[in-house]
Amino acid sequence: MPKYLHPDVIDNGLQHIIDQAAGNVDMRLLSAYTQGDSYATVTGNAIATINMIVGDFTLGDSGSFDRKLTVAAKTGAASSSASSPDLHVALIDATNSKVLAVTDETSEQDITAGNPLTIPTFDIVVNQPV
């Protein structure tokens with residue numbers, strides 16, 4: 001269940017993803033992911049691509065002073081098939097060739113090219129230091 005945040009997101013906060021969303025950010029459903037995979041590997045493992053807009057992201061609080069970025073549910077269609085995948089969702093800055101964030105998608109269901117799919121809403125949380 002590897003997850004990832006690009007150094008630009010760590011340095012500049014979750015707002016960086018929103019700032020990049022104006023025409024740059026795509027959501028990609030991945031058939032496999034290993035933490036630290038390159039942009040080329042991540043995009044090569046994409047089995048669906050969904051365009052994002054600024055309104056798909058909501059910045060807010062998560063518990064005691066933690067911050068979260070809520071990503072809206074999106075629908076799309078699979079561009080290729082994957083059986084027994086290790087599904088992950090990535091937010092990609094396609095203009096600057098950067099993987100901004102990756103999180104696990106836990107259904108691990110088989111995907112068939114051309115079939116519709118829904119990626120449910122999810123949160124990216126940055127915790128207060130302890």
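Buried here means under 20% relative accessible area, exposed means over 50%, and partly exposed is in between, using a 1.4 Å probe on protein chains only. By that yardstick Glu108, at 29% relative accessibility, counts as partly exposed.

This is a predicted model, in which local features need pLDDT of at least 70 and side-chain atom pairs count only at pLDDT 80 or more, while totals for chains, interfaces and linings use all residues. Residues are numbered from 1 along each chain as its sequence is written, and side-chain values use heavy atoms, with hydrogens and water left out.

**The sheet**

Some bookkeeping comes before the strands. Helices (H or I, at least four residues) and strands (E, at least two) are DSSP runs numbered from the N terminus, and two strands pair if DSSP finds at least two bridges between them. In general, strands of a sheet pair through backbone hydrogen bonds, either parallel or antiparallel.

Here, five strands make an open sheet in the order β1-β8-β7-β2-β3, and the pairing is antiparallel. β1 (4-5) and β3 (46-51) are the edge strands with a single partner each, so one side of each has no neighbour in the sheet.

Further in, β2 (residues 25-30) shares five antiparallel bridges with β3 and six with β7. Asp26 is a handy landmark: Asn51 in β3 stands opposite Asp26, and so does Ile92 in β7.

How many residues of β7 are buried? Six of the six residues in this strand (residues 88-93) are. His88, Ala90 and Ile92 point one way from β7, Val89, Leu91 and Asp93 point the other way, and all are buried.

β7 also pairs with β8 (residues 98-104), again antiparallel and over six bridges, with Leu91 facing Ala101 of β8. These two strands form a hairpin with four residues between them.

**Three loop residues**

Most residues other than glycine have a negative phi, and most peptide bonds are trans. Two residues here have a positive phi without being glycine: Ser97, at about 55°, and Glu108, at about 50°. The table sets them beside Asn24, another loop residue.

| Residue | Loop | Relative accessible area |
|---|---|---|
| Ser97 | between β7 and β8 | 42%, partly exposed |
| Glu108 | between β8 and β9 | 29%, partly exposed |
| Asn24 | between α2 (15-20) and β2 | 18%, buried |

What does Asn24 touch? Leaving out residues up to four places away in sequence, Asn24 touches Ile92, Asp93, Ala94 and Thr95, where contact means heavy atoms within 4.5 Å.

**The largest pocket**

Pockets come from a 1 Å grid over the protein atoms alone: a pocket is an open set of points with protein on both sides within 12 Å along at least five of seven lines, and lining residues have an atom within 4 Å of a point. Grid points are joined across faces, edges and corners, and a volume is the space filled by probe spheres set on the points.

The largest pocket holds about 150 Å³ of space. Its lining has 15 residues, with Leu29, Gln109, Ile111, Leu117 and Thr118 nearest the centre. Which strand gives the largest share of the lining? β9 (residues 116-119) does, with four residues.

By class, the lining splits into eight nonpolar, five polar and two charged residues. For that tally Ala, Val, Leu, Ile, Met, Phe, Trp, Tyr, Cys and Pro count as nonpolar, Asp, Glu, Lys and Arg as charged, and the others, Gly among them, as polar.

Terms used: On a 1 Å grid over the protein atoms alone, a cavity is a set of points where a 1.4 Å probe fits but cannot get out, and a pocket is an open set with protein on both sides within 12 Å along at least five of seven lines; lining residues have an atom within 4 Å of a point.
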